[in-house]
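The following exercises concern helix packing, nonpolar cores and local backbone features. Each task is followed by a solution in steps.

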Amino acid sequence: MSKVQVMEHPLIQHKMGYIRDKNTSTKEFRELVDEVGMLMAYEVTRDLSLQDVEVETPVTRTTEKRLSGKKLGIVPILRAGLGMQQGILKLIPSARVGHVGLYRDPETLEAIEYYAKFPGDIEERDIFVIDPMLATGASAVEAITAVKKRGATKIRFICLVAAPEGVDVLKEAHPDVDIYIAALDEKLNDASYIVPGLGDAGDRLFGTK
């Protein structure tokens, strides 16, 4: 069964307070999402395996630790997921990046795929699917389905703000995918917006309406 982890690190919670604030400028919002993405990646990668390597310091030879060659991939859900991408890449610059584009049908609220591009060896990689919001869960479910169709088997979902309804939907659809959240909010409103939420993450990132 999927693990759901809410990040309680003080720096993440501090920055989330500014991200939620409607008076935070586009520039500041973008920088904060980038920073929280990086902080979350630090927590999510705690279980990466290490191997011993011999290195020579200016003084002597010694045995140290390095990542054991694990291949990682990042898949932001367009377009808001792009806001978290660079922060994660700052910590994992060798990660390959795929993209999946989805739009929400205004009547059914279902997520429809319109673009997908992934690393050719996606089946060999641990994949982080990223999106600032987990509201109804439809986009996350469809994005992870798209990644699985291309051969990925080790997948984690990372988001800033989630509604309990979306978490339940994602867990039911993909019980093998662990979910990492900066903040688990109260509920969805009648328009399927997260409450208290942070508004439309894409619009706030890119200064659109």
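Angles between axes run from 0 to 180 degrees between N-to-C directions; those under 35 degrees count as roughly parallel, those over 145 as roughly antiparallel, 65 to 115 as roughly perpendicular and the rest as oblique. The model examined here is predicted.

**Exercise 1. Classify the packing of α4 and α5, and describe their contact.**

Step 1. Helix α4 covers residues 138-149 and helix α5 covers residues 164-173; their axes lie 9 Å apart, at an angle of about 25°.

Step 2. This angle falls under 35 degrees, and α4 and α5 are therefore roughly parallel to each other. Their crossing is right-handed.

Step 3. On the α4 side the contact is formed by Ala140, Val141 and Ile144, and on the α5 side by Val169, Leu170 and Ala173. By class, this contact has 6 nonpolar, no polar and no charged residues.

**Exercise 2. Determine how α1 is oriented relative to α2, and which residues make the contact.**

Step 1. The axes of α1 and α2 cross at roughly 155° and come within 10 Å.

Step 2. An angle over 145 degrees counts as roughly antiparallel, so α1 is roughly antiparallel to α2. The crossing of α1 past α2 is left-handed.

Step 3. From α1, the residues in contact are Leu11, Ile12, Lys15, Met16, Tyr18 and Ile19; from α2, they are Phe29, Leu32, Val33, Glu35, Val36, Leu39 and Met40. Sorted by class, there are 11 nonpolar, no polar and 2 charged residues in this contact.

**Exercise 3. Characterise the crossing of α2 and α3, and give the class composition of their contact.**

Step 1. Helix α2 (residues 26-44) and helix α3 (residues 82-91) have axes that come within 7 Å and cross at roughly 45°.

Step 2. That angle makes α2 oblique to α3. The handedness of the crossing is right-handed.

Step 3. Helix α2 contributes Val33, Asp34, Gly37, Met38, Ala41 and Tyr42, while α3 contributes Gly83, Met84, Gln86, Gly87, Ile88, Lys90 and Leu91. The contact of α2 with α3 has 7 nonpolar, 4 polar and 2 charged residues.

**Exercise 4. Which elements give two or more residues to the largest nonpolar core, and which residues touch the most other members?**

Step 1. The largest nonpolar core has 36 residues, of which Met16, Ile19, Val36, Met40, Ile158, Leu160 and Leu198 touch the most other members.

Step 2. Two or more residues of this core come from each of α1 (10-20), α2, β4 (72-78), α3, β8 (126-130), β10 (154-162), β11 (178-184) and α6 (201-206). The largest share, 7 residues, is from α2.

Step 3. Another core lies apart from this one; it has 26 residues, including Ile77, Leu102, Val141 and Cys159.

Step 4. Neighbours within four places in sequence aside, Leu198 contacts Met16, Ile19, Arg20, Phe29, Met133, Val161 and Arg204.

**Exercise 5. Determine whether Gly101 and Pro164 are buried, partly exposed or exposed, and list their contacts beyond four places in sequence.**

Step 1. Gly101 is in strand β6 (residues 99-104). With a relative accessibility of 0%, Gly101 counts as buried.

Step 2. Outside its neighbours within four places in sequence, Gly101 touches Leu78, Ile112, Glu113, Tyr114 and Tyr115.

Step 3. Pro164 belongs to helix α5. Its relative accessible area is 29%, so Pro164 is partly exposed.

Step 4. With neighbours within four places in sequence set aside, Pro164 contacts Leu184, Asp185, Glu186 and Lys187. Pro164 and Ala135, 29 residues apart in sequence, have C-alpha atoms 8.2 Å apart.

**Exercise 6. Where do the cis peptide bonds from Leu78 to Arg79 and from Val195 to Pro196 lie, and what is the phi of Ser192?**

Step 1. The bond from Leu78 to Arg79 is cis, with omega near 0°; Arg79 is in the loop between β4 and α3.

Step 2. The bond from Val195 to Pro196 is also cis, with omega near 0°. Pro196 is placed in the loop between β13 (194-195) and α6.

Step 3. Ser192, although not a glycine, has a positive phi of about 65°. Ser192 is located in the loop between β12 (187-188) and β13.

Step 4. The relative accessible area of Ser192 is 13%, and Ser192 is therefore buried.

Definitions and conventions:
Residues are numbered from 1 along each chain as its sequence is written. This is a predicted model: local features need pLDDT of at least 70, side-chain atom pairs count only at pLDDT 80 or more; totals for chains, interfaces and linings use all residues. Side-chain values use heavy atoms; hydrogens and water are left out. Helices (H or I, at least four residues) and strands (E, at least two) are DSSP runs, numbered from the N terminus. A crossing is left-handed if the near helix is turned anticlockwise from the far one by less than a right angle, and right-handed if clockwise. Contact means heavy atoms within 4.5 Å. Ala, Val, Leu, Ile, Met, Phe, Trp, Tyr, Cys and Pro count as nonpolar, Asp, Glu, Lys and Arg as charged, and the others, Gly among them, as polar. A nonpolar core is a set of buried Ala, Val, Leu, Ile, Met, Phe, Trp, Tyr and Cys residues joined through side-chain atoms within 4.5 Å. Buried means under 20% relative accessible area, exposed over 50%, partly exposed in between (1.4 Å probe, protein chains only).
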